[in-house]
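User: I should like a close look at one part of this structure, namely its last helix. Please explain how that element is placed and what surrounds it.

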Amino acid sequence: MSLNHAVIWIDHQEAHVMFLSEQASEAEVIRSKTTHSHLHHKGGEVGSGKLALDSKYLHSVINAVNESKEILILGPGSAKLELIKHAHKHDAKIAENIVGVETVDHPSDKEILAYARKFFYKVDQML
């Protein structure tokens, strides 16, 4: 593995961005400026009942991995998919480097790293 591997665990409040190698890892947490994640609406109205993610938040997360060659995105809900859509719309180069997207609840940073190491080991074996 090289430091070209990045893993992002994201939900609507924060993103844990980690870069890893066989022996070391670096991490940062990016927090959304949005404080409310649910809208209250009347019955019969169309919509998910959730606010869309702040584009500045998504842009900050994408910029954090702009030099990574392989990116794994994890998360419990729709935020990971919104991040991928944002990448495709605003930075196709980064979108091409996304090698996996998986649903993972709320793991600790150690669990995220262990999951990513296992994932990237398999990806490296295939390449």
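Analyst: Buried residues account for 39% of the 127 residues in the chain, and the model in which they are counted is a predicted one. The chain contains 4 helices and 5 strands, which follow one another along the sequence in the pattern β-β-β-α-β-α-α-β-α. The final α of that pattern is the element requested, helix H4, formed by residues 109-126.

The length of the helix may be considered before its faces. H4 has 18 residues, and at 1.5 Å a residue it should span 26 Å; the C-alpha atoms at its ends are 26 Å apart, so expectation and model agree.

The faces of H4 come next. Its buried residues are Ile112, Leu113, Ala116, Phe119, Phe120 and Val123. Because they cover an arc of only 135° around the axis, they lie on the same side of H4. The other side of H4 carries the exposed residues Lys110, Lys118, Tyr121, Lys122 and Gln125. The helix thus has a side with buried residues and another side with exposed ones.

What does the buried side of H4 pack against? The partners of its buried residues are strands: E1 (5-10), E2 (14-20), E3 (25-31), E4 (70-75) and E5 (98-103). For the chain as a whole, among contacts between residues at least 6 apart in sequence, 62% join residues at least 24 apart.

Two of the buried residues of H4 deserve separate mention. Phe119 and Phe120 are both buried, and the structure holds 1 aromatic pair. That pair is formed by Phe119 and Phe120 in an edge-to-face arrangement, with 5.5 Å from centre to centre and 80° between the planes. An angle over 60 degrees counts as edge-to-face, so the 80° of this pair falls in that class.

Phe120 also leads to a residue of the strands. His5, placed in strand E1, touches Phe120 and Asp124, as well as Met18, Phe19, Leu20 and Glu70, when residues up to four places away in sequence are not counted. With a relative accessibility of 3%, His5 counts as buried, since the cut-off for that class is under 20%. The side chain of His5 is also joined to that of Glu70 by a polar contact of 2.6 Å.

Helix H1 (residues 55-64) offers a useful parallel. Its buried residues are Tyr57, Leu58, Val61, Ile62 and Ala64. They cover an arc of only 160° around the axis, which places them on the same side of H1. The elements that cover these residues include E1, E2 and E3, together with helix H2 (79-90) and helix H3 (92-96). Strands E1, E2 and E3 thus pack against buried residues of H4 and also help to cover those of H1. At the N-terminal end of H1, Asp54 acts as a cap, with a side-chain oxygen 3.2 Å from the backbone nitrogen of Lys56.

On the H2 side of H1, His86 may be noted. His86 is found in helix H2 and is buried, with a relative accessible area of 9%. Its contacts, not counting residues up to four places away in sequence, are Ser55, Leu58, His59, Ile62 and Asp91. Of these, Leu58 and Ile62 are among the buried residues of H1.

Definitions and conventions. Residues are numbered from 1 along each chain as its sequence is written. This is a predicted model: local features need pLDDT of at least 70, side-chain atom pairs count only at pLDDT 80 or more; totals for chains, interfaces and linings use all residues. Side-chain values use heavy atoms; hydrogens and water are left out. Helices (H or I, at least four residues) and strands (E, at least two) are DSSP runs, numbered from the N terminus. Buried means under 20% relative accessible area, exposed over 50%, partly exposed in between (1.4 Å probe, protein chains only). Contact means heavy atoms within 4.5 Å. The expected span of a helix is 1.5 Å times one less than its number of residues. The arc is that of the directions from the helix axis to the C-beta atoms. A polar contact is a pair of N or O atoms within 3.5 Å; within protein, one must be able to donate a hydrogen and the other to accept it, and residues adjacent in sequence count only if both atoms are side-chain atoms. Rings of Phe, Tyr and Trp (its six-membered ring) pair if their centres lie within 6.5 Å; planes under 30 degrees apart count as stacked, over 60 as edge-to-face and the rest as tilted.
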